[in-house]
Amino acid sequence: MRYSFESRIRYSEIGADKKLTLLSLLDYFQDASIFNSEEVGRDFHVLEKENRAWLLSSWQIVVKRYPECGERVIISTWPYNFRSVFGDRNFLMTDERGERLAYANSVWVYTDTENGRAIRVPESEWNAYQFSEKLDMEYAPRKIRIEGTGRKEKPLTIMKHHLDTNNHVNNGQYVLIASEYLPDDFVIRQMRAEYKKAALLDDVMIPVLYEKDGVYVVSLCAEDGHPFAVVEFRQEI
């Protein structure tokens, strides 16, 4: 079953172009999933007591048009499949006329937070959620390919403002950090993110930038060279 809520684009959510930023769009989608889980009685407060969590494994977000400040929008989300340890969820933002502004696919991993291991989705989750039909969109692979030789950027240290309720770097913060290395005139039409290892407070993150045929990939690496996350940006859908 789809969960939806209405909103109006706020000044605090726009960039210099007076339009919704990609990070704010991602925040809307993330909030929708939280509201949906709250509505069915399986929000993060409940899961925390059970030492369980849904952790994001990957994003694919497509933007057809960034709404402007003051514009009214409708945000929707729904799960469409559980498989082993994974949950698949779609997102959609439309304007008041029902026109698609942005849409997304995401893959989540059901996790035992005591040992950090993925576990099979339990009956409690199957019973709580009602699936809706998979969104009609072109689905990209969950894994992002890295090609060529990358350019290392200046390392940064993870601070408190990067963290979420799991005391990990929030998934949107990875995207925000990676987007800082794009050209100034780059308009993001598709973003993919693959999350590999949670970055924690005081961890050092080393961005490595790759570019091929106008597609930018940023690997956000630990000091040992293994990525925390890999983010891909495209100007064309």
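This passage describes the pockets and a nonpolar surface patch of a predicted model. Local features need pLDDT of at least 70 and side-chain atom pairs count only at pLDDT 80 or more, while totals for chains, interfaces and linings use all residues. Residues are numbered from 1 along each chain as its sequence is written, and side-chain values use heavy atoms, with hydrogens and water left out.

The largest pocket (an open set of points on a 1 Å grid over the protein atoms alone, where a 1.4 Å probe fits, with protein on both sides within 12 Å along at least five of seven lines) has a volume, taken as the space filled by probe spheres set on the points, of about 1300 Å³. Of its 48 lining residues, those closest to its centre are Ala53, Trp54, Leu55, Leu56 and Asn166, where lining means having an atom within 4 Å of a point. Strand β2 (residues 52-63) gives the largest share of this lining, 6 residues, strands being DSSP runs of E of at least two residues. By class, the lining of the largest pocket comprises 18 nonpolar, 17 polar and 13 charged residues, with Ala, Val, Leu, Ile, Met, Phe, Trp, Tyr, Cys and Pro counted as nonpolar, Asp, Glu, Lys and Arg as charged, and the others as polar.

The second largest pocket holds about 610 Å³ of space, and of the 21 residues lining it, Asp17, Thr21, Leu22, Phe186 and Ile188 are the closest to its centre. The largest share of its lining, 3 residues, comes from α4, and 12 nonpolar, 3 polar and 6 charged residues make up the lining of this second largest pocket.

Methods. Helix = DSSP H or I, 4+ residues; strand = E, 2+ residues; numbered from the N terminus.
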